[in-house]
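Visitor: I'm new to this one, so could you walk me through it and tell me how the labels are earned?

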Amino acid sequence: MDIYEEIVRLNKLGRASALATIVECKGSSPQKQGAKMLVRDDGSAMGTLGGGCLEADVVQYSLMALRDGQPRTVPFDLTEKEGGLVCGGTLLVYIEPVLVDPRLVILGAGHVGKAVARLARFSGFRVTVADDRPEHANRDGIPDAHEIVVHEFGTVFDRVLVDRGTFLLIATRGHNHDLDAVKAALKTDAAYIGLLGSRRKKGLLMNALRDTGLSQEDIARVIIPVGLPIGSVTPEEIAVSIMAQIIQHRREHAPTGIGGRSCGGVVAQDGPLQAAPSPRS
């Protein structure tokens, strides 16, 4: 399997990656212009740019690119001496993130759930809709969903994958179902948990969650009432307010980078990138 086949495979699994390419090479270096390395979202890599500390730094910059969604060109100085080895060259590495569509999981296939599914797909999200009623959770009723799951809300995440990049919307048909769905959602690492409901419903639900022994920190993850306050009334208007909030949350909480010490250089967190010397040849 080559690098491009691996990119396609990862994309089908909903996993992001970053492609690092040497775009300029001066002097002595372990690899030449055009060499490529693919960095997966878990930090594992395929291909090589020369090994050692250079690749370790490229992995860190690649993870930055995945987190902020922005490509970057990183200079490396290979003149630092370590263990008697000096390459004596410089490199420019271009890192391009290969991102997947953000994921939205909607628990509830009612009027609002259907309207949100339609708008979310239009907005570029990969949409999963789950409900325990097959007469509502079906392709005829929700043509815009990428995936439809018929399952009980309390155990739905046994069937639906949720990670730190997933957005959750809970829009079930009743308080008991909401409670089951929220308790299940709080066991996940979802980036966003929104619950459709009124301020009165918020008070009732929060009390019920506290009675189950959940901490205030856990409970605070639930956004209720969900959506931006635009005076929405119809399901379509409510969907607009919800998707506007989800998009806002996604953009505001996108990390700008990760800090850390590189081998003989600096993995920058803020400010311009500095050349990161690599001691390996």
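What follows is a chat about pockets and a strand in this predicted model.

Visitor: What makes the largest pocket a pocket and not a cavity?
Guide: A cavity is space where the probe fits but cannot get out, while a pocket is an open set of points. This one is listed as a pocket, with about 1,500 Å³ of space, so by that definition it counts as open.

Visitor: Which residues lie nearest its centre?
Guide: Leu66, Val100, Asp163, Arg164 and Gly165, out of 35 lining residues. Helices H1, H2 and H7 and strand S7 each give two or more residues to that lining.

Visitor: How do you know that Gly165 counts as polar in that lining?
Guide: The classes put Gly among the polar residues, and Asp and Arg among the charged ones. Gly165 is one of the lining residues, so it counts as polar. Overall the lining has 13 nonpolar, 7 polar and 15 charged residues.

Visitor: And what is the second largest pocket like?
Guide: About 200 Å³ of space lies in it. Its 13 lining residues include Pro225, Val226, Gly227, Leu228 and Pro229, the closest to its centre. They divide into 8 nonpolar, 4 polar and 1 charged, and H7 gives the most, with 3 residues.

Visitor: Why are Arg72, Val74 and Phe76 in strand S4 called buried?
Guide: Buried means under 20% relative accessible area. Those three point to one face and are buried, so they fall under that cut-off, while Thr73, Pro75 and Asp77 point to the other face and are not buried.

Visitor: What makes S4 and S5 a pair?
Guide: Pairing takes at least two bridges. S4 and S5 run antiparallel and are joined by 6, so they pair. Thr73 stands opposite Tyr94 in S5.

How values were computed:
Residues numbered from 1 in each chain as written. Predicted model: local features only at pLDDT ≥ 70, side-chain atom pairs only at ≥ 80, totals over all residues. Heavy atoms only, no water. 1 Å grid on protein atoms, 1.4 Å probe; cavity = no way out; pocket = protein on both sides within 12 Å on 5 of 7 lines; lining within 4 Å. Points joined across faces, edges and corners; volume = space filled by probe spheres on them. Helix = DSSP H or I, 4+ residues; strand = E, 2+ residues; numbered from the N terminus. Buried < 20%, exposed > 50% of the residue type's maximum accessible area, 1.4 Å probe, protein only.
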